[in-house]
Structures are given as structure tokens and as C-alpha cells.
Amino acid sequence: MISHNDSLHDVCVVGAGFMGRQIALQCAVYERSVKMCDISESALRLCEKEQASLLEEQIKAGIVSAERYQEILDRIHLTTSLEEAAADADLVIEAIKEDLEVKRDLFRALDKICPTNTILATNSSSLRVSRIETATSRPDRLLNTHFVQPIWKHPFVELMRGTATSDKTLEAVRQFSQSISVVPILVRRESTGFIFARIWRAVKKESLLLVDQGIATPEDVDRTWMIQMETPMGPFGLMDIIGLDVVRDIENVYYEESGDPSDAPPKLLADKIEKGELGVKTGKGFYIYPDPQYKQPSFLLEASP
Ligand SMILES: NC(=O)c1ccc[n+]([C@@H]2O[C@H](COP(=O)([O-])OP(=O)(O)OC[C@H]3O[C@@H](n4cnc5c(N)ncnc54)[C@H](O)[C@@H]3O)[C@@H](O)[C@H]2O)c1
């Protein structure tokens, strides 16, 4: 049932947050041996809990058989030691904070720890791997692998080369992605934001501006989107899931690159972050969780007063 690319069997995921835990679980479901590393012990404990419930969801949805529950979770080993997690890895996927210098430091460390043939990938949403590759001695074995959430429901990954990524590296990761049931989409030229995120960014930027300029409420932006596009949530609901601090960090990368003041994250985001309202993960963002207003059946029937 499962096709294997044995050359990339041992996977290390660095960063056990929102994306890292999903990437690791997808690899474990498709029979990879996974080691995860995070600097925070509490992030690892939360990761363990979240992976168990993500797996339960997949079992309920009939994607994974219930008998495999423990076997899959046992494939994932959690540690705070980067050496322990990365020393034997065939493929390392980094999913830590969206900060160029922090990522470069990590890749510098990985380059020392990992065997020379290990492929190093970044899940960054907005940093091109060419901005990271000079921190290593192996630019031919580096690339962007941009997974989107929830991986098991939106199974595609955008693959993008740096300045020196080899055909062999790209092909190995392409096959690996297919073998974990995630469709690899090749980004043919370096592009900050890849493909989908560039489309999403335009929507997100305009949505934030509409509210920042007092033109619409977040709820009404989401209502119009949900009715028109027939989606279960709108841009603000999605930003809450991503995390408003993560959204701000991503917007900052675009802003630093363009220098265009209209690309700076709007005050609306800064205000929310200052109040600790980061979205689903803190129980409040543009909506209140666990039962956000947009999930109520009446949401689409009434506009904001
Ligand atoms: N949130 C999304 O929807 C989304 C989607 C696609 C890509 N991404 C990208 O994935 C990456 C991770 O995003 P996230 O939302 O999972 O973030 P997150 O904040 O949920 O998790 C990041 C984790 O990394 C850990 N960490 C920070 N520095 C570390 C280090 N040096 N070594 C080990 N662990 C470290 C933190 O403790 C935290 O647990 C970012 O680059 C982001 O741009 C995010």
C-alpha cells in the first residue's frame, strides 16, 4: 500500500510547533522513522498531545486504520537535543520560528551535525532557501519544502531550489513527498511566497487593510468571502489558525524585501499581538475559541450591526 523511497527513511523535524508536528505525523503515517527536536520541553509535550488528537481525527475520517494508532505514534521520537535528532537523518525538515538569523544559526549547526549526504529543507513560508544556504557547506543539498496546513487535508508541498540545489536533491525530495502522499509542486523560479502564499498574501493584505481603514469588520470580510467562495472560513478565521504573530513575521519578511511602506504589517495586527490575542493558540484572535462565531450556522445570515 505504501510506496517507499528508502533513501530518505530517517527524517528529522526541527520545531515541534504547529507545522512541525503535522509534518512529522505525516511522515510517521507513511512509515518513516521520525525524530523531532524543539528547544522547548513544553512545546514537545504539547506536540505529543496534538499529534495524538490529529491522528484520532484521521482515524475517524477513515484515512488511517485504528490498529495503527500506537505504531504510528511510536515512530516519533521527541528530544531537545539537536545532535540526537539530526545525527542519523537522511532528511531534515526545519519548521522553527520565521526569523532569518535564527534559521541560519540552526542550518549552520545542522551542517556540522548531519552526515554530508543529508538533505536539509526549510518549511519557511517567506524565506527563500538562497538566503539560508550560505550558512552551510552543502548548498546543493538544500531546498524549500513548503507544506501547508492541515497537511492530511491539503496534501501538497511546494518545492523550490536555492542557487545550487542539485537535480538529485530535488528528485529525491519529490519522490519522498509522493511516498508520504503529499503532491510535490515545483516552483520553477525563486519566488518569495512560492505559489499559493502569493495568492493568499494578496487576499490577507487587502483583508487587513479593509479592517485597518475602517471599511469593514473582520466578520463581514469573512462573511463575504465565505458566501462568495463557498468556503468554511474566511481570511480572518484562517489568520487566527495560522497565528497572528506568525502572520506578522511573514508580512515583515515581505516588507524587509520590498521596503514598500504599504507592505508593513498593519497596526491592527500589532495591537492584537500586544494584547496576547494570537488566534486559536491563545483562545482569542479575531474570534474567540474553541467555538468561533464563524462556525455557527447563523453567521452567514446576519451582517455586523
Ligand atoms: N503556521 C502556518 O500555517 C505555516 C504554514 C506553512 C509554513 N509555515 C512555516 O513553518 C515554520 C514554523 O511555523 P509554525 O507555525 O509551526 O511555528 P510555531 O511557532 O507553531 O512553532 C515553532 C516551534 O519552533 C521552536 N523553535 C524555535 N527556535 C528553535 C530552534 N532554534 N531549535 C528548535 N526549535 C525551535 C519553538 O519552540 C516552537 O515550538 C515557519 O517558518 C513558518 O513560516 C507556517
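The paragraphs below walk through a predicted model, beginning with its sheet and moving on to its helices and its ligand.

Strands of a sheet pair through backbone hydrogen bonds, and they do so either parallel or antiparallel. In this model, eight strands form an open sheet with mixed pairing, and their order across the sheet is β3-β2-β1-β4-β5-β6-β7-β8. Strands β3 (76-79) and β8 (183-186) stand at the edges with a single partner strand each, so one side of each has no neighbour in the sheet. Neighbouring strands of this sheet are turned against each other by 25 degrees on average, if direction is ignored. One pair to look at is β1 (residues 10-14) and β2 (residues 33-37), which run parallel and are joined by five bridges; in one of the pairings, Val14 has Cys37 in β2 as its bridge partner.

Helices pack on this sheet as well. Helix α1 lies across β1, β2, β3, β4 (91-94) and β6 (142-147), and it runs at about 165 degrees to β2. Helix α6 (residues 167-179) touches β4, β5 (119-122), β6, β7 (156-161) and β8, and its direction makes about 175 degrees with that of β7.

Two packed helices are described by the angle between their axes and the distance between the axes. The axes of helix α8 (residues 218-229) and α9 come within 7 Å and cross at roughly 110 degrees, which means that α8 is roughly perpendicular to α9. Pro218, Val221, Asp222 and Trp225 of α8 make this contact with Pro235, Phe236 and Gly237 of α9, and the residues involved divide into five nonpolar, one polar and one charged. Helix α9 (residues 235-242) also packs with helix α7 (residues 196-212), at an angle of about 105 degrees and with the axes 10 Å apart, and these two helices are therefore roughly perpendicular to each other. Here Val203, Lys204 and Ser207 in α7 meet Pro235, Phe236 and Met239 in α9, a contact whose residues divide into four nonpolar, one polar and one charged.

Where does the ligand lie with respect to domain 1 and domain 2? Domain 1 (6-186) and domain 2 (196-300) both give residues to the shell around the ligand, so the ligand lies between them. Of the 28 residues around the ligand, those that come nearest are Gly15, Gly17, Met19, Ala43 and Ser125. Helices α1 (18-29), α5 (100-113) and α10 (244-258) each supply at least two residues of the shell, and α1 gives the most, with three residues. By character, the residues of the shell divide into 15 nonpolar, 10 polar and three charged.

Note on methods. Residues numbered from 1 in each chain as written. Predicted model: local features only at pLDDT ≥ 70, side-chain atom pairs only at ≥ 80, totals over all residues. Axes fitted to C-alpha atoms, helices over the stretch in contact; angles between N-to-C directions. Helix = DSSP H or I, 4+ residues; strand = E, 2+ residues; numbered from the N terminus. Parallel < 35°, antiparallel > 145°, perpendicular 65-115°, else oblique. Contact = placed C-beta atoms within 7 Å. Nonpolar A, V, L, I, M, F, W, Y, C, P; charged D, E, K, R; others polar. Near = placed C-beta within 6 Å. Domains from an automatic or database assignment. Pairing = 2+ DSSP bridges.
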